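Please open the model in a viewer and keep the sequence panel visible. The tour below proceeds by selection, stating at each stop what is to be found there.

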Amino acid sequence: MADNRVKDPRDWTTGDEPATGAQESYLHTLATEAHEDVPDDLTKAEASERIDELQEKTGRGR
């Protein structure tokens with residue numbers, strides 16, 4: 001059963017704002033570990049989705 005407290009980043013009211021400093025920092029850490037590049041101009045929602053992808057790839061997170 002899905003946890004309805006977790007909202008899809010695409011549905012966030014602030015999802016189109018620039019990524020936070022914390023998101024950018026963690027994203028770049030994950031990207032380095034995954035040997036991938038990430039754009040610098042991601043929105044909060046895009047950064048969150050990319051973090052999820054890279055966590056899966058690197059075995060970090062959830």
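Throughout the tour, a residue is called buried under 20% relative accessible area, exposed over 50%, and partly exposed in between (1.4 Å probe, protein chains only). The model is predicted, so local features need pLDDT of at least 70 and side-chain atom pairs count only at pLDDT 80 or more, while totals for chains, interfaces and linings use all residues. Residues are numbered from 1 along each chain as its sequence is written, and side-chain values use heavy atoms, with hydrogens and water left out.

**The whole chain**

Begin with the protein chain in a cartoon representation, which shows two helices and zero strands. Helices (H or I, at least four residues) and strands (E, at least two) are DSSP runs, numbered from the N terminus. Helix H1 covers 21-34 and helix H2 covers residues 44-58.

Next, display the surface. The accessible surface of the protein chain comes to about 4,600 Å², and 48% of this belongs to carbon and sulfur atoms. Accessible areas come from the Shrake-Rupley method with a 1.4 Å probe; for residues, only the protein chains shown count as cover. Of the 62 residues in the protein chain, 29% are buried.

Contacts complete the overview; a contact means heavy atoms within 4.5 Å. Where contacts in the protein chain join residues at least 6 apart in sequence, 62% of them join residues at least 24 apart.

**First stop: the loop between the helices**

Select His35, which lies in the loop between H1 and H2. With a relative accessible area of 74%, His35 is exposed. Its phi is near 55 degrees, a positive value in a residue other than glycine.

Then select Asp41, also placed in the loop between H1 and H2. Asp41 is exposed, at a relative accessible area of 64%. Extend the selection to Glu24, Asp40 and Glu46: together with Asp41, these residues form a negative surface patch. Patches are made of residues with over 30% relative accessible area and no salt bridge, with like charges joined within 9 Å and nonpolar side chains (Val, Leu, Ile, Met, Phe, Trp, Tyr) within 5 Å. Lys and Arg count as positive and Asp and Glu as negative, whereas His and the chain ends are not counted. The place of a charge is taken as NZ of Lys, CZ of Arg, CG of Asp or CD of Glu.

**Second stop: the segment before H1**

Move to Pro18, found in the segment before H1. Pro18 is exposed, with a relative accessible area of 64%. Leaving aside neighbours within four places in sequence, Pro18 is in contact with Leu42, Thr43 and Lys44. The C-alpha atoms of Pro18 and Thr43 are separated by 4.3 Å, although the two residues are 25 apart along the chain.

Select Glu17, which lies in the segment before H1. Glu17 counts as partly exposed, at 34% relative accessibility. Its C-alpha atom is 5.4 Å from that of Thr43, a residue 26 places away along the chain.

With which residue does Glu17 form a salt bridge? The partner is Lys44, and the closest N and O atoms are 2.9 Å apart. A salt bridge is a side-chain nitrogen of Lys or Arg within 4 Å of a carboxyl oxygen of Asp or Glu. Because Glu17 lies in the segment before helix H1 and Lys44 in helix H2, the pair ties together parts that are 27 residues apart in sequence. Lys44 counts as buried, at 17% relative accessibility.

**Third stop: the salt-bridge network**

By the same rule, the count comes to five salt bridges. Select Glu36, Arg50, Glu53 and Lys57, which are linked in a network of salt bridges.

Within this network, the side chains of Lys57 and Glu36 meet at 2.5 Å, N to O. Lys57 is in helix H2 and Glu36 in the loop between H1 and H2, so this pair links distant parts of the chain, 21 residues apart. Lys57 is exposed, at 53%, whereas Glu36 counts as partly exposed, at 24% relative accessibility.

Arg50 forms a salt bridge with Glu53, their closest N and O atoms being 2.7 Å apart. The two residues are three apart in helix H2, and so are separated by about one helical turn. Glu53 counts as partly exposed, at 46% relative accessibility.

**Last stop: Thr58**

Finally, select Thr58 in helix H2. At 25% relative accessibility, Thr58 counts as partly exposed. Not counting residues up to four places away in sequence, Thr58 touches Leu30, Glu33 and Ala34. The C-alpha atoms of Thr58 and Ala31 are 8.9 Å apart, with their positions 27 residues apart along the chain.
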